[in-house]
Amino acid sequence: MSTDPVQTVDGDRSTLVEAARFLLAKAEERKLTLAAAESLTGGEVASTLVSVPGASAVVVGAVVAYATRIKEQVLGVDSERLAMTGPVDGEVAKQMAVGVARLMGADLGLATTGVAGPGAADGHPAGTVHVAVASPWGTLARELHLPGDREAVRDGATTAVLALAGALLEAAPGDAAKAGQDAPRDPQ
């Protein structure tokens, strides 16, 4: 197992909680709040975050946008983009992250979308996952191809988005806490 949090997506529960603890500590250090928009993870990101004592200092809320129409209607994902690519798309993940941060008034928005399996969906094989993090100083997204069953894919996606957000905060400029007073920038 890799010790690099961005590379660790094996679905181990202790890895999930470790990634959540790291992210929450970094966000609290910088006085930043966060919100999550989840599709394939179905609330697992939020559940993992709030399993850590003190999470309420950082976590604002979450939206489970399992249906494509909720991504558009609640999170503001572009309907033309959804019609063109479907929900399993990096740009959709970015828009979900920006949308949930805006909706919840959070400094950071985390998002997951993809195919947990067991079969393919929207022309994508099981294990195809997009995660994104929106912040005042930019938006990051990653495409993953995770092995395993449905539970392993969901756990891997959860770990990946938590680790990506933690890595973003770790690499952010020292004055990022001040930047956190602005709304997340739209990636476009």
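Q: With which residues is Leu-162 in contact, leaving aside its neighbours within four places in sequence?
A: The model is predicted: local features need pLDDT of at least 70, side-chain atom pairs count only at pLDDT 80 or more, and totals for chains, interfaces and linings use all residues. Residues are numbered from 1 along each chain as its sequence is written, and side-chain values use heavy atoms, with hydrogens and water left out. Contact means heavy atoms within 4.5 Å. Once neighbours within four places in sequence are set aside, the partners of Leu-162 are Leu-16, Ala-19, Ala-20, Leu-23, Val-45, Thr-48, Leu-49 and Leu-110.

Q: Which helix gives the most residues to the largest nonpolar core?
A: A nonpolar core is a set of buried Ala, Val, Leu, Ile, Met, Phe, Trp, Tyr and Cys residues joined through side-chain atoms within 4.5 Å, where buried means under 20% relative accessible area, exposed over 50% and partly exposed in between (1.4 Å probe, protein chains only). The largest core has 33 residues, and Leu-23, Leu-34, Leu-49, Leu-110, Val-129 and Leu-162 touch the most other members. Helix H1 (13-29), E1, helix H2 (44-50), E3, E4 and helix H6 (150-171) each supply at least two of its residues. With 9 residues, the most is given by H6.

Q: How many residues are in the other core, the one with Ala-132 and Ala-134?
A: This core lies apart from the largest one. Its members include Ala-37, Leu-75, Ala-132 and Ala-134, and its size in residues is 18.

Q: How many helices and strands does the protein chain have?
A: Helices (H or I, at least four residues) and strands (E, at least two) are DSSP runs, numbered from the N terminus. Along the sequence they follow the pattern α-β-α-β-α-α-α-β-β-β-α-α. The counts are 7 helices and 5 strands.

Q: In what order do the strands stand in the open sheet?
A: Two strands pair if DSSP finds at least two bridges between them. The pairing in this sheet is mixed, and its 5 strands stand in the order E2-E1-E3-E4-E5.

Q: Which residue of E4 is the bridge partner of Leu-110?
A: Strand E3 (residues 108-114) runs antiparallel to E4, and 6 bridges join them. On the E5 side, the residue opposite Leu-140 is Val-133. The bridge partner of Leu-110 in E4 is also Val-133.

Q: How many residues form the hairpin connection between E4 and E5?
A: E4 pairs with strand E5 (residues 138-145) in the antiparallel sense over 8 bridges. One of the facing pairs is Val-131 with Arg-142. The hairpin joins the two strands through a number of residues equal to 2.

Q: How many of the residues of strand E4 (residues 128-135) are buried?
A: In a regular strand the side chains alternate between the two faces of the sheet. In E4, Thr-128, His-130, Ala-132 and Ala-134 point one way, while Val-129, Val-131, Val-133 and Ser-135 point the other way, and all are buried. The strand is mostly covered, with a buried count of 8 of 8.

Q: Why is Gly-117 classed as buried?
A: Gly-117 lies in the loop between E3 and E4. Not counting residues up to four places away in sequence, it touches Ala-126 and Arg-150. Gly-117 is classed as buried because its relative accessible area is 12%.
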